[in-house]
Amino acid sequence: MSTTTTIQEAAEATNESFTVEDLVDFSGRQYGDWRDEFHKNGCVVLKNVISPERAKYYCDKQIEWLKKFELGFDEHDESTWTAEHLPAVSKRANMEERSMYFAYGSTHEKMAWEARTEPAVIEIFEKLWETKELLCSFDGMNISLPRRKDLNWSPWPHCDQNPNRKGMQAVQGLLNFAPNGPKDGGLMLMKGSAKLFDEFFAQKREAYDHEDAPPPELKYMDLFLFHQKDLKWFQDRECELVKINMEPGDFVLWDSRTMHYACLPEGDQIRHVQYICMTPRRFATEKALELKKICFENYMGTTHWPHCNIRPAVEKPMRNGEVCPKYRTEPFERPELTNTVLKLAGVKPY
């Protein structure tokens with residue numbers, strides 16, 4: 001049996017972890033810290049989670065990663081900020097994802113696991129979920145180059161939780177490494193939309209057929225694309241669409257029920273981000289943990305969800321109609337297999 005067949009079978013088996021019930025209830029709680037803002041708005045920015053010096057380390061490592069492909073990319077030469085000089089992305093990637101990297105073993109690069117295991121990052125999710133037994137997604141990084149002439153972008157408002165799931169079942173996050181102001185691209189969030197999730201989907205809703213939407217056969221279990229009119233529905237109910245501005249070392253959390261999208265940078269600053277999501281290990285089935293182990297051992301990425309809807313990133317990046325000649329299945333730098341990494345990966349029990 002091939003590795004691909006094993007992974008596909010394991011992925012299908014994890015569908016049984018799909019639940020329509022609340023996994024945890026935070027209603028009525030008061031904390032006296034950032035969690036109050038998070039539960040009120042569905043999002044919160046946490047300042048100085050890592051030092052500016054540590055953030056610069058990750059910026060440098062991401063640039064170094066791009067250069068290792070030897071495609072002529074030069075961070076100081078804007079003429080090289082095009083697809084031919086960059087690692088390829090999935091042919092189905094939407095415009096937001098053209099700067100997000102999930103292939104080439106990138107989701108298991110040493111720098112990615114270093115970011116996930118920053119003590120202050122883990123502490124945030126421990127505090128949020130009120131447990132020290134967490135799983136981490138094998139999520140990608142974002143390196144957005146401003147003023148790219150080979151991309152046309154349009155907003156892609158969506159949420160990453162299936163309308164049939166109830167309550168807060170996943171929380172997404174990103175660790176920001178570079179200055180990220182109003183013109184530097186980045187995250188757009190509809191503050192307050194998570195609380196209205198059930199009300200919005202109480203009526204039958206048709207997802208927007210965006211030109212960059214993934215094809216139905218990919219079965220994106222936890223993705224809903226909103227129409228432009230849907231933005232007004234939330235804004236009429238006192239929700240606010242905001243651009244999240246951050247300094248190096250800041251961290252932003254958002255409930256996966258929150259409407260959001262990314263915008264591309266227009267200024268001079270390259271955007272550097274690592275996406276990080278953690279949920280309680282108790283949410284996962286044994287079959288989901290089995291699939292995470294397979295993905296980890298084969299350096300495969302997953303979705304934003306750590307405990308279910310894992311959906312391994314098996315699609316190979318394409319270049320000029322063929323598999324990219326630079327395609328690789330292992331990271332350039334393998335992560336250190338510490339106890340913390342193995343536990344977050346779901347490979348080792350707590």
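Q: What makes the set of 64 residues a nonpolar core, and which residues have the most contacts inside it?
A: In this predicted model, the largest nonpolar core has 64 residues. A set earns that name because its members are buried residues of nonpolar type joined through side-chain atoms within 4.5 Å. Those with the most contacts inside this core are Trp65, Phe125, Trp129, Phe251, Leu253, Ile276 and Met278.

Q: Which residues does leucine 253 touch, leaving out those up to four places away in sequence?
A: Leucine 253 touches Trp34, Phe38, Gly42, Cys43, Val44, Leu46, Ile124, Phe125, Leu128, Val171, Gln172 and Gly173. Another core, of 13 residues, lies apart from the largest one; among its members are Met190, Leu196, Phe201 and Phe224.

Q: Why is cysteine 263 called buried?
A: Its relative accessible area is 14%. Buried means under 20%, so cysteine 263 is buried.

Q: How do you know that cysteine 308 is in no disulfide?
A: The nearest cysteine sulfur, that of cysteine 277, is 9.8 Å away. A disulfide needs two cysteine sulfur atoms within 2.5 Å, so cysteine 308 is in none. A search of the whole structure finds zero disulfides.

Q: Why does cysteine 308 count as buried?
A: Cysteine 308 has a relative accessible area of 1%. The limit is under 20%, so the residue is buried.

Q: What makes leucine 225 a buried residue, and where does it lie?
A: Leucine 225 lies in strand S8, residues 224-225. Its relative accessibility is 4%, and the cut-off is under 20%, so leucine 225 is buried. The C-alpha atoms of leucine 225 and histidine 158 are separated by 4.3 Å, although the two are 67 residues apart along the chain.

Key:
Residues numbered from 1 in each chain as written. Predicted model: local features only at pLDDT ≥ 70, side-chain atom pairs only at ≥ 80, totals over all residues. Heavy atoms only, no water. Buried < 20%, exposed > 50% of the residue type's maximum accessible area, 1.4 Å probe, protein only. Contact = heavy atoms within 4.5 Å. Helix = DSSP H or I, 4+ residues; strand = E, 2+ residues; numbered from the N terminus.
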